[in-house]
Amino acid sequence: MTPPAVVSEVLRDYGAVVRDAVRAYLPPAEPRRYLYDLVADYPGRGGKMMRPSLCIAVARALGAPLDPLLIAAAASIELMHNAMLIHDDIEDESDRRRGEPTLHSLWGNAMAINAGDALAMTSLRPLLDVAAHTDPLLALGILEETEHMARESAEGQALELGWRADNVVALEERDYFEMVLKKTCWLATIHPVRLGALIAVAGRVDPTAFVRFGFFLGAAFQIQYDVLNLAGDTEVYGKETAGDLREGKRTLMIIRLLQLATADERVRLVAHLGTPMAARTGREVGWIRDRIDHYGCIDYARQVAHAMAGAALEEYARLFAPVPPSRDRAFLEGLITWVVERTS
Amino acid sequence: MSEGERKRRPDPVRTDPVRQASGAFRGEAAAPSGSGDPRAAQPYTWPDDPVSRAVRASCDVVETAVRRGFGLGRPPGAGASGSSAPGASWPAWASGRPGPWTTGQWVDAMTGAFTLWAQWMDAWAGMARSVMPGEGAAMWPPGPTAQAGSPPSPSAVPAASAGALRFTVELRTARAAWVQLDLPPVTGALEVHGLVAPPAAAAPPITDVAIAITDGCAVVTLGSLEQHPAGTYAGAVLSAGRACGTLTVRLS
């Protein structure tokens, strides 16, 4: 199924608004060479702008204007996302991001970590700037949501890093979804949706109602992201192919492979996952990739991603049925298809 | 069956699809009985295939997280302002739902408690003054110098001490105000960030307010109050970042 054109149009339109807002918070200040050029690097590489567009679209679908508060919230989301990417790339020892070398590959871990810290703090600035003109309780609620999102994301990242550090392999799908709920969904989908709703109805909202929609949408997004890491076009995808296998990530496909592998294969796979990253060989990565194909793990993951999208569609219908039709509502519906059909 | 008799099929068990994810699982595990959700009475039998097991696991995870709760956001039904679009038709989730108290609810409750407490103390002070002349003067009695047109001088309204911290009010406004300070003896720097009215009053907070300790006397400075509607405004007095007392202002 092809995603409707409105998805790319809205991503383009809201993306442009948010990029302008983000740029305003990344001035060419000193020390440029050691900090602010690095801080502005990832935001300047583009990106799909899914997270801030989701926030804006939810708010506008519910009747909110595209006012400074909404733009500030969306810009804050995008800045925080970029800050976390810098740190994630260091933690995952990734080589490429958005088609170019990762920040720590270019500048070293120490300067990249510092730039990530600065960018994370910068992400609060748009919210603080509009707080003085906002209902204090709503402003406090937005800050609370932001803090909670950051904590959930850190907990999810800790789960994944811990599994790799201790070479945990006794994992089931439930463990994977718990990790994804925290690591991916809060920042990618749950937080933008909740923030958009919170702003649109000035706080008169039960944000829990949006968690399911955000979770299923985010889970579909993450699984497709993992599939693209194995089966996507490197140039389009923007990261190194099979990087997740080299990094020893516990994706849904690896968990499935651990379930289906023979005893000997499992021993070999566990040994690879327990090997320090620098010592992992391309030969072993190629063998795991072959076993993944052999056992149909990618097809399995694609089917689960589509099921997640189906669940997201149901939650979308439940939430937005009373909302009048609009371009933003159509975007939200189309986005569900987009996350599982995208190629980058 | 006779030739003219119409065939009749049994009524369908359900008339709309059971999505294989959240709805189905919630019908089995999370929907409370009597919730009105027809799926609650029809436990969904999950197919035993790998994809369905994964979907079921995902539903289990999110339902567990939702039941555990997040306790965030603003209380449903609280006073609203800001960018709310008038005339919009809000879905059911936008109106009040019971749940764990959020920070916003705590703030509202504390504001309400301050107001109630201020009214109660006002009544109590009136009684105390009536039965104990000369006593109970820890609160500022409304006097001629404190009414409208008070000169902006710290000594305009001398405060009495009744074994507690003395305090003085400096009014830089023509507006008459009733002021009450509840504060234990403190020595450090004090601050007050603002005084708020109950949410229902929809009044802007009083931010032109300050408090300081000078020569053992708490000096409360109130600035422009002309734009504020009548009502009771209250806020916390902080010492070293911790709440140590309350300041209440009533405008008539």
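**Close-up views of a predicted model**

**View 1. Confidence along chain B of the predicted model.** In chain B, the mean pLDDT (the predictor's confidence in each residue, from 0 to 100) is lowest in helix α1 (residues 22-30) of chain B, at 42, and highest in helix α2 (residues 50-68) of chain B, at 90, where helices (H or I, at least four residues) and strands (E, at least two) are DSSP runs, numbered from the N terminus. Over residues 17-37 of chain B the pLDDT is below 50, and this stretch has 50 contacts in the model beyond near neighbours in sequence, a contact being a pair of residues whose C-beta atoms, placed from the backbone, lie within 7 Å. Residues 130-164 of chain B also stay under 50 in pLDDT, with 51 contacts beyond four places in sequence. Where pLDDT is low, the predicted coordinates should not be read in detail. The mean pLDDT of chain B is 63, with 46% of its residues reaching 70 or more, while the model scores ipTM 0.87 and pTM 0.66.

Residues are numbered from 1 along each chain as its sequence is written, and chains are lettered from A and ligands numbered from 1 in the order in which they are written. In this predicted model, local features need pLDDT of at least 70 and side-chain atom pairs count only at pLDDT 80 or more, whereas totals for chains, interfaces and linings use all residues.

**View 2. The four-stranded open sheet of chain B.** The strands of this sheet follow the order β2-β7-β6-β3 (chain B) with antiparallel pairing, two strands being paired if DSSP finds at least two bridges between them. Because β2 (177-182) and β3 (190-191) of chain B stand at the edges, each with a single partner strand, one side of each is left without a neighbour in the sheet. Six bridges join β2(B) to the antiparallel strand β7 (residues 242-251) of chain B, and B:Q180 stands opposite B:T248 in β7(B).

**View 3. The surroundings of B:L247.** B:L247 lies in strand β7 of chain B and counts as buried because 27 C-beta neighbours lie inside 10 Å (buried: 20 or more other C-beta atoms within 10 Å of a residue's own, with C-beta atoms placed from the backbone). Not counting residues up to four places away in sequence, B:L247 touches residues including B:L181, B:V192 and B:I211. The C-alpha atoms of B:L247 and B:V179 are separated by 7.4 Å, although these residues are 68 residues apart along the chain.

Conventions:
A residue is buried if 20 or more other C-beta atoms lie within 10 Å of its own, exposed if 12 or fewer, and partly exposed in between; C-beta atoms are placed from the backbone. Two residues are in contact if their C-beta atoms, placed from the backbone, lie within 7 Å.
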